[in-house]
Amino acid sequence: MFRLVSVLLITLVLSACSTVIDSATQEITIETPGTGGALCNLNRPGYAMRVWTPKTVSITKSAGPLEVVCRAPGNREKTVVLEPEIADSFKLNTFNGFLPGAAVDFETGAMYTYPKTVVVDFTDMKPQKMPRPDYQYVLEENPELLDMEEFRPGVA
């Protein structure tokens, strides 16, 4: 009797292995070597987050890829796409008849995992000056468009 209760209890506990063992969230660290810090946007359908690097953040796992777009000082931008992988703990669902635990793990996103560290490397990109806006060329060719503002008393 004790063995039967133990087996049933273990089966119940392991019914959604990835959800129980790994959870539906994951911490990832975003690093941007080659810059003192960058502004990164983490995007996928229905999910968006903005962080300054270096930073460790907690994200919700999903079946979809996570796009990391980083903008660094000096007019530099790089994109890294993180493809999710199947978590090792998901394979433990084979011990509980697979279907009940797999369904829960899929629904919560716990069956997936992203890399723990994301490196967006800016060491190969030199800072660049921003290009001049188009209106600046028009103003240089037509200086009469630039009237001096007057800041004296009595002028409205």
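This is a short tour of a predicted model, stop by stop.

**Whole chain**

Start with the protein in cartoon view. It holds four helices and nine strands. Follow the chain from the N terminus: the elements run α-α-β-β-β-β-β-β-β-α-β-β-α. Colour by burial next. Of the 156 residues, 29% count as buried. Switch on the surface: the accessible area comes to about 10,700 Å², and carbon and sulfur atoms account for 61% of it. For the contact map, take pairs at least 6 apart in sequence; 67% of those contacts join residues at least 24 apart.

**The four-stranded sheet**

Select β2, β3, β5 and β6. These four strands make an open sheet, ordered β3-β2-β5-β6, with antiparallel pairing. Look at the edges. β3 (47-52) and β6 (76-82) each have a single partner strand, so one side of each is left without a neighbour in the sheet. On average, neighbouring strands here are turned by 15° against each other, direction ignored.

Zoom in on β2, residues 39-44. Six bridges join β2 to β3, and the two run antiparallel. For one pair to display, pick L39: its bridge partner in β3 is W52. Now move to the turn. β2 and β3 form a hairpin with two residues between them. Select G46 in that turn; its phi is positive, about 80°.

Cross to the other end of the strand order. β5 covers residues 66-72 and pairs with β6 in the antiparallel sense over seven bridges. Show E67 there, and V81 in β6 opposite.

**The disulfide**

Which two cysteines form a disulfide? Select C40 and C70: their sulfur atoms lie 2.0 Å apart. A search of the whole structure finds one disulfide. C40 sits in β2 and C70 in β5, so the pair ties together parts that are 30 residues apart in sequence. Turn the view to look along the S-S bond. The angle about that bond is 110°, and the link of C40 and C70 is right-handed.

Are these cysteines buried or exposed? C40 has 0% relative accessibility, so C40 counts as buried. C70 is buried too, with a relative accessible area of 0%.

**The three-stranded sheet**

Hide the first selection and show β1, β4 and β9. They form an open sheet in the order β4-β1-β9, with mixed pairing. The edges belong to β4 (55-60) and β9 (117-119); each has a single partner strand, so one side of each lacks a neighbour in the sheet. Neighbouring strands of this sheet are turned by 30° against each other on average, direction ignored.

Stay on the β1 and β9 pair. They run in the parallel sense, with three bridges. Display E31, which stands opposite V119 in β9.

**Q26, a polar side chain in β1**

Select Q26, which lies in strand β1. Is Q26 buried or exposed? Its relative accessible area is 8%, under the 20% limit, so Q26 is buried.

What does the Q26 side chain reach? Draw two distances. One goes to the side chain of T113, a polar contact at 3.4 Å. The other goes from the Q26 side chain to the backbone oxygen of Y114, at 2.5 Å. Then expand the selection to contacts. Leaving out residues up to four places away in sequence, Q26 touches V57, S58, I59, K61, T113, Y114, P115 and K116. Among these, V57, S58 and I59 fall within the 55-60 range of β4.

**T35, in the loop**

For the last stop, go to the loop between β1 (25-31) and β2, and select T35. Is this loop residue buried or exposed? T35 has 16% relative accessibility; the cut-off for buried is under 20%, so T35 counts as buried.

Draw one more distance: the T35 side chain reaches the backbone oxygen of G37 at 3.2 Å. Now show what surrounds T35. Apart from neighbours within four places in sequence, T35 is in contact with A72, P73, R76 and F122. A72 belongs to β5, residues 66-72, and R76 to β6 (76-82). End the tour here, with T35 and its contacts on screen.

Key:
Residues are numbered from 1 along each chain as its sequence is written. This is a predicted model: local features need pLDDT of at least 70, side-chain atom pairs count only at pLDDT 80 or more; totals for chains, interfaces and linings use all residues. Side-chain values use heavy atoms; hydrogens and water are left out. Two strands pair if DSSP finds at least two bridges between them. Axes are lines fitted to C-alpha atoms, for helices over the stretch in contact, and angles run from 0 to 180 degrees between N-to-C directions. Buried means under 20% relative accessible area, exposed over 50%, partly exposed in between (1.4 Å probe, protein chains only). A polar contact is a pair of N or O atoms within 3.5 Å; within protein, one must be able to donate a hydrogen and the other to accept it, and residues adjacent in sequence count only if both atoms are side-chain atoms. Contact means heavy atoms within 4.5 Å. Accessible areas come from the Shrake-Rupley method with a 1.4 Å probe; for residues, only the protein chains shown count as cover. A disulfide is a pair of cysteine sulfur atoms within 2.5 Å.
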